[in-house]
Amino acid sequence: MKQLLFMGLMIVSSLITACSPVNTGDVNQVAELNSAGTWIDSPLYGAQLPLADHVMVFHSTSQELIDQFEIQVNGQTAGLVAAELAEGQENQGLYVGQYLWQPEVPGLYLLEVIALSGDGQESGSAQAQIVIAEEQVQDDQVPEAEDVEPVEESVPATTEVTETCNYTSVANLFCRTGPGSVYPEIDSFVPDTIAEVLGFSPDGFYAQVLGPNFGEACYVPLSEQFGSLSGDCEDLPVLSIPPTPTLTPTFTPEPQQATTATPIPPQCSDGIDNDGDGDIDMNDGRCLSPQDDDENR
């Protein structure tokens, strides 16, 4: 009987710790980089959210079977969810999971998702540091606005209203600073996210949109497996491609002599069969544009 009581107290203690904010000094030691093959789509690292329930969305890629995801909050296990193969990605080993996170108090939290294989072995993990803000003002505390009669604005008969060109995602994907995987990601999409289109890349493989989370201009692929366009898109401009990111210059032990690393061309335009399937660069069906850096996506 005493053993059962002790085990019950340990479980309650773990649950209380998982729902409490993490100490700021401890979280600052956590690296933002996540293990390859596993990532958290939502919420994004560094997001500030209200005190409410939030749905976590995460993915993992593996050639081996992923059975479930373990969700940890501040180093304590908060739950386990089953891993499911993403629709249309059965042959790519892409798994997806969701978890309803219910923070109880404001503060700084460290969320971690761990992909587990069928025998319980860790296949990859990802972390996100989240700030939960103070409680919002209740509706009954907001002063009522004075009644103001709406003023009808007349629209000239010659005014032509055009429909905005929009991009709607059909999969989880990153939004990058340029058209290709060599550019860093600055935003992300989940399925059925809509963003306004600003223009297109010269090769027509990418669209520049307003990022759905931060409102910054970024690029998404136009392949139908990632998203689709709607609205009036014919008159949008063709945009200049941003400079391709280059490696940081390296230096020899002698301070007066420095060597600069030569930029490495993307895999989809380097003239090499990087994935060994017999197809090179744009002849490989996995290359969406010459700026892509992965023939084996």
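Here are a few exercises on this predicted model, each with a worked solution.

**Exercise 1. Work out which strands sit at the edges of the antiparallel four-stranded sheet.**

Start with the strand order. The sheet is open, and its 4 strands run β1-β3-β7-β6, paired antiparallel. Now look at the two ends of that list: β1 (38-42) and β6 (84-85) are the edge strands, and each of them pairs on one side only.

Next, zoom in on β3 and β7. Strand β3 covers residues 54-61 and strand β7 covers residues 94-101, and 8 bridges join this antiparallel pair. To see one of those contacts on screen, pick Val 57, whose bridge partner in β7 is Gln 98.

**Exercise 2. Do the same for the sheet of 5 strands, and say which strands have a single partner.**

Again, begin with the order. This open sheet reads β2-β9-β8-β4-β5, and here the pairing is mixed. The edge positions go to β2 (48-49) and β5 (76-82); each has a single partner strand, so one side of each has no neighbour in the sheet.

Then take the β8 and β9 pair. These two strands run antiparallel and are joined by 10 bridges. For a concrete example, find Leu 111 and look across to Ala 128, its bridge partner in β9.

Finally, check the loop that links this pair. Gly 120 lies in the loop between β8 (107-117) and β9 (122-132). With a relative accessible area of 45%, Gly 120 counts as partly exposed. Now hop over to Asp 67: Gly 120 and Asp 67 are 53 residues apart in sequence, yet their C-alpha atoms are 8.1 Å apart in space.

**Exercise 3. Find the salt bridge and decide how covered each partner is.**

First, the count: the structure has 1 salt bridge. As a reminder, side chains of opposite charge can pair when their charged atoms come close. Here the partners are Glu 185 and Arg 176, with an N to O distance of 3.2 Å.

Now compare each value with the cut-offs. Arg 176 is buried because its relative accessible area is 18%, and buried means under 20%. Glu 185 comes out as partly exposed, at 41%.

**Exercise 4. Locate the negative surface patch and place Glu 234 within the fold.**

Start with the members: Glu 163, Asp 232, Glu 234 and Asp 235 form the patch. Then trace the chain around Glu 234, which falls in the loop between β16 (227-230) and β17 (250-251). Last step: is Glu 234 buried or exposed? Its relative accessible area is 73%, so Glu 234 is exposed.

Methods
Residues are numbered from 1 along each chain as its sequence is written. This is a predicted model: local features need pLDDT of at least 70, side-chain atom pairs count only at pLDDT 80 or more; totals for chains, interfaces and linings use all residues. Side-chain values use heavy atoms; hydrogens and water are left out. Patches are made of residues with over 30% relative accessible area and no salt bridge: like charges are joined within 9 Å, nonpolar side chains (Val, Leu, Ile, Met, Phe, Trp, Tyr) within 5 Å. Accessible areas come from the Shrake-Rupley method with a 1.4 Å probe; for residues, only the protein chains shown count as cover. A salt bridge is a side-chain nitrogen of Lys or Arg within 4 Å of a carboxyl oxygen of Asp or Glu. Lys and Arg count as positive and Asp and Glu as negative; His and the chain ends are not counted. The place of a charge is taken as NZ of Lys, CZ of Arg, CG of Asp or CD of Glu. Buried means under 20% relative accessible area, exposed over 50%, partly exposed in between (1.4 Å probe, protein chains only). Two strands pair if DSSP finds at least two bridges between them.
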